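Open the structure in your viewer and keep the selection tool at hand. We will go stop by stop, selecting as we go.

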Amino acid sequence: MKLLVTGGCGFIGSNFVRHYLEGHPDDTIVNLDLLTYCGNLENLRDLEGDERHRFVRGDIADRELIAELMRDIDLVVNFAAESHVDRSILDPSPFIHTNVLGTQVLLHAAKEAGVGKFVHVSTDEVYGDLGPEGYFTETTPLAPNSPYSASKAASDLLVRAYHRTFGLPAVITRCSNNYGPYQFPEKLIPLFITNAMADESLPIYGDGLNVRDWIYVIDHCRALEAVIDRGRPGEVYNIGADSERTNMEITKTILAELGKPESLMTFVKDRPGHDRRYAIDSSKIQSELGWQPAFPFAQAMKQTVAWYVENREWWQRVKSGAYRDYYEEQYGCR
Ligand code: NAD
Ligand code: TDX
């Protein structure tokens, strides 16, 4: 099978490309990524020279390029997105370009080319905010609260429409907060690990009691494999690992793991529109597709902290911007 993976140089996409090729040695992947500020080809350095992985630098909203790439593709997995809530508050425009327009361009080209399946990687944030009780199910109404989640909800509705109107065999997944190796250090967990390692303060928004439902990135990738193999077109699948934690709990876990003092915690002004709690009911994917999370939170969080300790050079190059030079070294003279 030949896959088109978009956003395969980002956090989840790069973990997916590596994990998928390990388990599917006869398949090939075209990895289309624009290499925006968070796209990092170094995330897939270990696949250099592997003929099963072809990297193409480009924009998912580029109609001509997408039509050309889509011609002999069996399956699309769409990770490409602007993904950071705080950036969407500073400037929503790139979120509309990539998440909304880009998804529509991909859907249209996939329909024209007659691809076998289109897996759209979305987020639990499209459901908005939960009170202290309850869980998001696949039928929870969409109620996004940030420009990021609004743009993801818009993309989900376009996927739904392309399935219903044009019969595109598309599936939507909505996963909770991921953590693991290669996450861009603007997101809570890698930012706090790397700041703590450098004895810098950890900026906690508001009272630190907002709750997120955490899943190890490889469990998300395993769920996507199940959806690729067995997910029914037109369906939505929630993905989560039953690991609700307040931001304060996460922060204290990181500090304890690194042996750093709690005095590094600093309370700062809250994020505007900050959702209080997310929690996923993933019983549908568990019962229908037979997927279950395999990485318990305590152990996978320990491994994650250890990864950032062992890969100091990776995140220092990201924080300094030096990772950008790698593309030029690799592709500048080709
Ligand atoms: P990321 O920001 O680390 O990676 C996004 C990738 O998309 C980058 O490599 C970037 O260069 C690429 N990209 C951006 N705009 C592009 C464009 N116009 N054309 C081609 N490539 C482009 O994001 P992530 O955390 O890996 O998230 C991947 C997907 O998973 C996103 O769709 C996100 O909404 C979704 N998601 C993320 C989480 C999470 O916790 N990180 C949870 C649920 C769902
Ligand atoms: O410096 C910080 N301080 C802080 O208190 C940052 C960056 C975050 N936070 C809080 C805000 C959230 O309550 O931590 C929580 C997690 O924040 P993020 O890492 O920015 O993630 P979140 O906003 O929950 O969104 C993430 O999960 C769902 C991803 O970024 C999205 O792409 C995904 O869809």
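**Stop 1: helices α4 and α5**

Select residues 93-113, helix α4, and residues 147-166, helix α5. In this predicted model, their axes come within 8 Å and cross at roughly 15 degrees. An angle under 35 degrees counts as roughly parallel, so α4 is roughly parallel to α5. The crossing is right-handed.

Now show the side chains where the two helices touch. On α4, pick Phe95, Ile96, Asn99, Val100, Thr103, Gln104, Leu107, His108 and Lys111. On α5, pick Tyr148, Ser151, Lys152, Ala154, Ser155, Leu158, Val159, Tyr162 and Phe166. Colour them by class. The contact of α4 with α5 has 10 nonpolar, six polar and two charged residues.

**Stop 2: ligand 1**

Keep Tyr148 and Lys152 selected, and add ligand 1. There are 28 residues around this ligand. Among them, Ile12, Asp33, Ser83, Tyr148 and Lys152 come nearest.

Which residue has a side-chain N or O atom 2.7 Å from an oxygen atom of ligand 1? Zoom in on Tyr148: its side chain provides that atom.

Next, turn on the backbone. A polar backbone atom of Leu34 is 3.1 Å from a nitrogen atom of ligand 1. At Ile60, a polar backbone atom is 3.0 Å from a nitrogen atom of the ligand.

**Stop 3: ligand 2**

Select ligand 2 and its 21 surrounding residues. Thr123, Glu125, Tyr148, Arg271 and His274 come nearest. You have met Tyr148 before, among the residues nearest to ligand 1.

Start with His274. One of its polar side-chain atoms lies 2.7 Å from an oxygen atom of ligand 2. Then go to Tyr205, where a backbone N or O atom lies 2.9 Å from an oxygen atom of ligand 2. Finish at Pro203: a polar backbone atom there is 2.8 Å from a nitrogen atom of the ligand.

**Stop 4: helices α6 and α10**

Select residues 188-197, helix α6, and residues 297-310, helix α10. Their axes come within 10 Å and cross at roughly 55 degrees. Are α6 and α10 parallel or oblique to each other? They are oblique, because of that crossing angle. This crossing is right-handed.

Show the side chains once more. Ile189, Pro190, Ile193, Thr194 and Met197 of α6 meet Met301, Thr304, Val305, Tyr308 and Val309 of α10. Colour by class again: this contact has eight nonpolar, two polar and no charged residues.

Notes. Residues numbered from 1 in each chain as written. Chains lettered and ligands numbered in written order. Predicted model: local features only at pLDDT ≥ 70, side-chain atom pairs only at ≥ 80, totals over all residues. Heavy atoms only, no water. Axes fitted to C-alpha atoms, helices over the stretch in contact; angles between N-to-C directions. Helix = DSSP H or I, 4+ residues; strand = E, 2+ residues; numbered from the N terminus. Parallel < 35°, antiparallel > 145°, perpendicular 65-115°, else oblique. Left-handed = near helix turned anticlockwise from the far one by under 90°. Contact = heavy atoms within 4.5 Å. Nonpolar A, V, L, I, M, F, W, Y, C, P; charged D, E, K, R; others polar. Near = heavy atom within 4 Å. Polar contact = N/O pair within 3.5 Å; in protein donor to acceptor, adjacent residues only side chain to side chain.
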